Amino acid sequence: MLAQPRPSIPDIALKTTANPNARDILLDSPILSPAQTNNEAFRIFTDHPQLIGLPVVEDGRPIGLINRSFFMDSLARPFRREIFDKKSCTAFMDESPLIVEIGTSIQDLSFLVVDAGKKALADGFIIVENGRYVGIGLGLDLVRMISKMQAQKNHIVMESIGYASVIQRSYLRSSRDGMASTLKDHFVLWEPRDVVGGDYYYFSRFDDGFFVGVFDCTGHGVPGAFMTLIMASALDHVLTHENRQDPAAVLSTMNRMVKVSLGQVVEQGDSDPGDGTANAEKEMKSDDGMDAAFCWVNTQTHIMTYAGARTPILLSRNNEGDIDIIEGDRQGVGYAGTPMDFRWGNKEIALQKNDCAYITTDGIPDQIGGERGIAFGKRRLKELLRSHRHLPMSEQRNALKEAFYAYQGAHTRRDDITLFGFRV
Amino acid sequence: MNDFYVPATPTSPEIDFRFSSNTLGIRGESYPENAAAFYSDALRQLRTYLATLDATHVEINVELKYFNSSSTKILYTLFGMLNDCVNKGNDVTLNWFHDEEDETILEFGEELYEDFGQLNFRPTAVSAA
């Protein structure tokens with residue numbers, strides 16, 4: 001019964017206990033019975049310099065807790081020892097300490113301790129089993145335990161996101177390999193904001209050209225990453241030898257597919273009774289989709305066919321003049337608000353030797369930064385592309401990345417970013 | 001009906017709907033984890049309020065620096081509701097505040113105006129303090 005309080009909770013505590021409770025921070029402590037005197041209490045405090053709260057137990061049941069500094073201060077006054085030494089130790093005892101059952105979860109316990117105020121954190125609390133005294137708990141051990149649980153939870157979540165990233169990246173491999181073996185000079189700058197994200201790209205090589213897509217699915221993080229895998233496998237399924245030259249048709253097919261598979265179809269008779277209930281319900285339904293730019297490039301004729309869903313393409317012509325922005329349609333793919341039969345338009349662009357084409361999601365232009373704390377903007381991106389376009393694509397990537405990082409500065413990243421570029 | 005107020009957080013804007021004086025305000029940045037959930041109360045209140053209006057002048061002040069794509073969709077819903085309310089005999093002025101150098105926010109405001117032409121759109125450039 002007279003063991004010193006343990007210096008810290010053993011590491012195994014969390015691993016062996018699925019739901020940590022008060023037992024995991026239970027400490028042995030010296031105790032007193034009300035029949036014992038203040039002199040005895042004084043001796044125990046002197047023998048156990050680390051002991052803060054000394055429980056008083058009567059017939060196995062706790063009746064109070066003596067706080068060291070209150071006790072010592074009280075006895076230090078003139079003649080107090082003489083008056084109180086032989087009296088019951090209950091004289092300076094707190095009669096209403098926090099008492100908790102041993103099965104109390106750490107989370108419930110932390111609320112109880114906080115509700116009990118400073119006292120329970122400083123003096124500790126008494127732990128009982130079916131009302132009978134079994135030991136004490138300390139505020140410091142409780143905080144330590146909570147921090148450990150938090151760290152372990154974070155670790156588990158981050159480990160699982162880390163593995164999600166392995167999956168998301170490995171699904172990109174065939175696109176990356178396709179680009180490397182097809183394009184002489186190209187780069188991809190792909191940075192999910194939270195390890196995984198809703199930005200993605202796709203590349204497929206054919207005998208007479210290649211199909212490339214850059215897309216930005218709703219959300220970022222894990223939900224965004226789910227969407228990228230849905231979209232990429234839909235695209236893999238939809239894109240064939242027959243429709244490869246018609247990216248607008250590919251967008252339309254994916255739109256129908258996503259709307260049906262995610263159930264984002266406004267049902268017939270889904271009318272608004274006028275009291276807002278229909279719309280309120282609609283707002284809570286899944287409304288997910290993607291913004292995208294899809295391109296088919298015929299490598300023999302150098303004609304590029306582009307279709308865009310809220311995602312433009314940027315063009316540099318022979319390292320001269322301004323960067324052109326070619327806008328697609330302003331309708332996203334798969335969203336509840338996009339009609340089932342919406343038709344995107346194709347634009348044909350004749351590319352020349354040394355032209356560069358770039359596709360970016362909104363991550364870069366919308367990033368907050370700079371002295372004014374405003375969006376990076378398309379104008380700044382165009383200027384950067386213009387001043388570095390003569391460089392090999394890999395060097396452009398580094399220069400753009402550096403400039404973007406410098407602009408972002410200490411501001412937090414707002415979104416996933418993707419920038420793809422290739423030179424003809 | 002009661003005014004509706006939600007203070008700003010780093011990832012969500014201040015929403016200041018003073019229905020009693022027909023003045024609505026949204027200010028800050030908008031990229032909450034779940035935009036639909038974040039705006040659902042505000043939209044419900046706004047819908048109820050708009051249904052009570054009759055030949056009323058409503059002023060909405062929007063000063064957003066950043067909003068993600070899911071917030072954009074909500075803003076479209078919101079401005080769509082205001083646009084409809086003009087069609088029912090009210091008038092709505094949209095004061096669209098943007099930093100004088102922030103082309104991104106200005107362009108978005110202009111796009112909104114293309115889609116919701118009933119709103120009296122007033123872009124207002126703000127110079128750095």
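Two strands are counted as paired when DSSP finds at least two bridges between them, and with that rule in hand the tour can start at a sheet in chain A of this predicted model.

**The sheet of chain A**

Select the five strands of the open sheet in chain A, which follow the order β6-β17-β14-β11-β12 with antiparallel pairing. At the edges you will find β6 (185–191) and β12 (320–326) of chain A, and because each has a single partner strand, one side of each is left without a neighbour in the sheet. If you look along the sheet, the twist from one strand to the next averages 15 degrees.

**β14 of chain A**

Next, colour β14 (356–360) of chain A and ask how many of the residues of β14(A) are buried. The count is 5 of the 5 residues, so β14(A) is largely enclosed by the rest of the structure. Turning the view shows that both faces are covered, with A:C356, A:Y358 and A:T360 buried on one side and A:A357 and A:I359 buried on the other.

Keep β14(A) displayed and add its partners. With β11(A) it pairs in the antiparallel sense over 4 bridges, and here A:L315 stands opposite A:A357 of β14(A). With strand β17 (residues 417–423) of chain A, the pairing of β14(A) is again antiparallel and runs over 5 bridges; in this pair, A:T360 has A:L419 in β17(A) as its bridge partner.

**From β11 to β12**

Move now to strand β11 (residues 313–317) of chain A, which 4 bridges join to β12(A), the two running antiparallel. To find one of these links, select A:L314, whose bridge partner in β12(A) is A:I325. The loop between β11 and β12 of chain A holds A:N319, a residue other than glycine with a positive phi near 60 degrees. A:N319 is partly exposed, with 13 other C-beta atoms within 10 Å.

A second residue of this kind can be selected in the loop between β6 and β7 (199–206) of chain A, where A:V195 is placed. A:V195 is not a glycine, yet its phi is positive, at about 70 degrees, and with 14 other C-beta atoms within 10 Å it is partly exposed.

**Helix α13 across the sheet**

Select helix α13 (residues 378–388) of chain A, which lies across β11, β12 and β14 of chain A and runs at about 140 degrees to β12(A). Within helix α13 of chain A, pick A:L381. Is A:L381 buried or exposed? It has 21 other C-beta atoms within 10 Å, and since 20 or more are enough for a residue to count as buried, A:L381 is buried.

Leaving aside residues up to four places away in sequence, A:L381 touches A:T360, A:I364, A:P365 and A:F376. One of these, A:T360, has already appeared on the tour as a buried residue of β14(A). For a view across the chain, draw the C-alpha to C-alpha distance from A:L381 to A:T37, which is 81 Å for two residues 344 apart in sequence.

**Zooming out to the domains**

Chain A is divided into domain 1 (12–149) and domain 2 (171–265 + 284–423). How many Å separate the C-alpha centres of domain 1 and domain 2 of chain A? The separation of the two centres is 63 Å.

**The side of chain A that touches chain B**

Display both chains and select the residues in contact between them, which are 21 in chain A and 20 in chain B. On the chain A side, the elements that give two or more residues are α11 (277–284), α12 (363–366) and β16 (374–375), and α11(A) gives the most, with 4 residues. By residue type, the chain A side divides into 6 nonpolar, 6 polar and 9 charged residues.

**Colouring by confidence**

Finish by colouring the model by pLDDT. Chain A has a mean pLDDT of 90, with 91% of its residues at 70 or more, while chain B averages 93, with 99% of its residues scoring at least 70. For the complex, the predictor gives an ipTM of 0.89 and a pTM of 0.80.

Two stretches of chain A call for separate selection. Over residues 1–13 of chain A, pLDDT stays under 50, and the model has 19 contacts beyond four places in sequence for them. Over residues 268–284 of chain A, pLDDT also stays under 50, with 16 such contacts in the model. Where pLDDT is low, predicted coordinates should not be read in detail.

Key: Residues are numbered from 1 along each chain as its sequence is written. Chains are lettered from A and ligands numbered from 1 in the order in which they are written. This is a predicted model: local features need pLDDT of at least 70, side-chain atom pairs count only at pLDDT 80 or more; totals for chains, interfaces and linings use all residues. Two residues are in contact if their C-beta atoms, placed from the backbone, lie within 7 Å. Ala, Val, Leu, Ile, Met, Phe, Trp, Tyr, Cys and Pro count as nonpolar, Asp, Glu, Lys and Arg as charged, and the others, Gly among them, as polar. Axes are lines fitted to C-alpha atoms, for helices over the stretch in contact, and angles run from 0 to 180 degrees between N-to-C directions. pLDDT is the predictor's confidence in each residue, from 0 to 100. Domain bounds come from an automatic or database domain assignment. A residue is buried if 20 or more other C-beta atoms lie within 10 Å of its own, exposed if 12 or fewer, and partly exposed in between; C-beta atoms are placed from the backbone.
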